[in-house]
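Colleague: I should be grateful for a close look at one part of this model, the place where the two chains meet, together with whatever else helps to set it in context.

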Amino acid sequence: MPAVLSTVTTIVALLLAALALLAAARNRAPDRVQFVGTVVVSVAAVVLVGAAIVSWIGGHTPVEITTFLGYALTMLLLPAGAWIVGRMEPTRFGSLIVGVAALIVPVLVLRIGQVFGG
Amino acid sequence: MARPVNTGLGRVLVFVYGLFAVAATCRAAVQIVLKFGEAPVSYLLSALAAVLYIVATVGLVRGDAGGRRLAQVCFTVELIGVLAVGTLSVLQPQDFPDATVWSGFGEGYGYLPLVLPVLGLVWLRRRDPATA
């Protein structure tokens with residue numbers, strides 16, 4: 001699992017978190033910019049998990065298989081899920097939901113790295 | 001009529017509580033299925049926390065009088081749990097060979113297990129002064 005993918009996913013997630021939390025602070029509902037950010041983070045997550053699975057097929061078994069699968073599934077679903085719930089709340093709190101979810105993604109990246117193993 | 005508890009900041013609470021419900025349930029399930037013998041007390045506490053998060057989420061989503069009371073009970077038990085387990089895990093770490101969601105006042109989860117029940121109780125109280 002290339003380190004660059006973890007770094008890129010972490011950076012785009014933190015950017016989305018900054019955007020969304022700033023929007024919440026400025027009393028703005030989730031907008032198009034946050035949507036694009038969510039899509040970018042989702043794509044990064046798919047690529048990251050995909051790379052891990054390719055390397056698994058290539059012979060690198062995750063250190064903790066069950067936990068790895070759980071975190072991988074969570075990371076794939078979280079950005080889209082947060083966007084859907086965020087849109088149900090067309091106030092600043094919708095942006096807060098998108099921002100909080102985006103803050104969790106770097107933690108997931110870190111844990112996926114740990115349970116997958118170098 | 002009380003204002004809804006499941007919109008605005010309440011929806012953020014529902015989202016975060018939902019995440020915690022999923023995370024704690026999965027964690028407890030993995031621990032209990034794969035290595036229950038290592039630290040049964042820790043893993044049962046994890047399972048208890050998971051159940052509380054699920055019930056609190058359901059109560060908040062329902063948002064009616066019963067749901068509020070349910071959520072309020074869960075928040076209160078969680079707060080007591082995280083304070084008790086947090087204190088014990090600091091004073092007598094040998095009793096907790098493996099970490100729970102509540103160890104060290106929830107330090108493994110950014111102290112959210114300590115912050116969330118307080119936030120939840122304050123939220124319920126602000127939305128419905130009659131139940132306070």
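Modeller: Two residues are taken to be in contact if their C-beta atoms, placed from the backbone, lie within 7 Å. By that criterion, in this predicted model, 11 residues of chain A are in contact with nine residues of chain B. On the side of chain A that touches chain B, the elements that give two or more residues are helix 3 (65-88) and helix 4 (92-116) of chain A. Helix 3 of chain A supplies the largest share, five residues. By character, the residues on this side of chain A divide into six nonpolar, four polar and one charged.

The UniProt record, an unreviewed entry, lists residues 35-56, 68-86 and 92-112 of chain A under "transmembrane region". In the model, residues 68-86 of chain A are 100% helix and 0% strand, with end C-alpha atoms 27 Å apart. Residues 35-56 of chain A are likewise 100% helix and 0% strand, and their end C-alpha atoms are 31 Å apart.

Turning to the partner, UniProt (again an unreviewed entry) lists residues 12-34, 40-61, 73-92 and 108-124 of chain B as "transmembrane region". The span 12-34 of chain B is 100% helix and 0% strand, and its end C-alpha atoms lie 33 Å apart. For residues 108-124 of chain B, the helix content is 76% and the strand content 0%, with 26 Å between the end C-alpha atoms.

Within chain B, helix 2 (residues 40-62) can be followed in detail. At 1.5 Å a residue, its 23 residues should span 33 Å, and its end C-alpha atoms are 33 Å apart, so the expectation and the model agree. Buried residues of helix 2 of chain B include B:Ser42, B:Tyr43, B:Leu45, B:Ser46, B:Ala49 and B:Ala50. Further along helix 2 of chain B, the buried residues include B:Leu52, B:Tyr53, B:Ala56, B:Thr57, B:Gly59 and B:Leu60. An α-helix has 3.6 residues a turn, so residues three or four places apart point the same way. The cover over the buried residues of helix 2 of chain B includes helix 1 (9-35), helix 3 (65-91) and helix 4 (112-127) of chain B. Just after helix 2 of chain B, B:Gly63 takes a positive phi of about 75°.

As to confidence, the model scores ipTM 0.91 and pTM 0.92. Chain B has a mean pLDDT of 90, and 95% of its residues reach 70 or more. Where pLDDT is low, the predicted coordinates should not be read in detail.

Note on methods:
Residues are numbered from 1 along each chain as its sequence is written. Chains are lettered from A and ligands numbered from 1 in the order in which they are written. This is a predicted model: local features need pLDDT of at least 70, side-chain atom pairs count only at pLDDT 80 or more; totals for chains, interfaces and linings use all residues. Helices (H or I, at least four residues) and strands (E, at least two) are DSSP runs, numbered from the N terminus. Ala, Val, Leu, Ile, Met, Phe, Trp, Tyr, Cys and Pro count as nonpolar, Asp, Glu, Lys and Arg as charged, and the others, Gly among them, as polar. UniProt positions are given in the numbering used here, feature names are shortened, and annotations may be inferred rather than shown by experiment. The expected span of a helix is 1.5 Å times one less than its number of residues. A residue is buried if 20 or more other C-beta atoms lie within 10 Å of its own, exposed if 12 or fewer, and partly exposed in between; C-beta atoms are placed from the backbone. pLDDT is the predictor's confidence in each residue, from 0 to 100.
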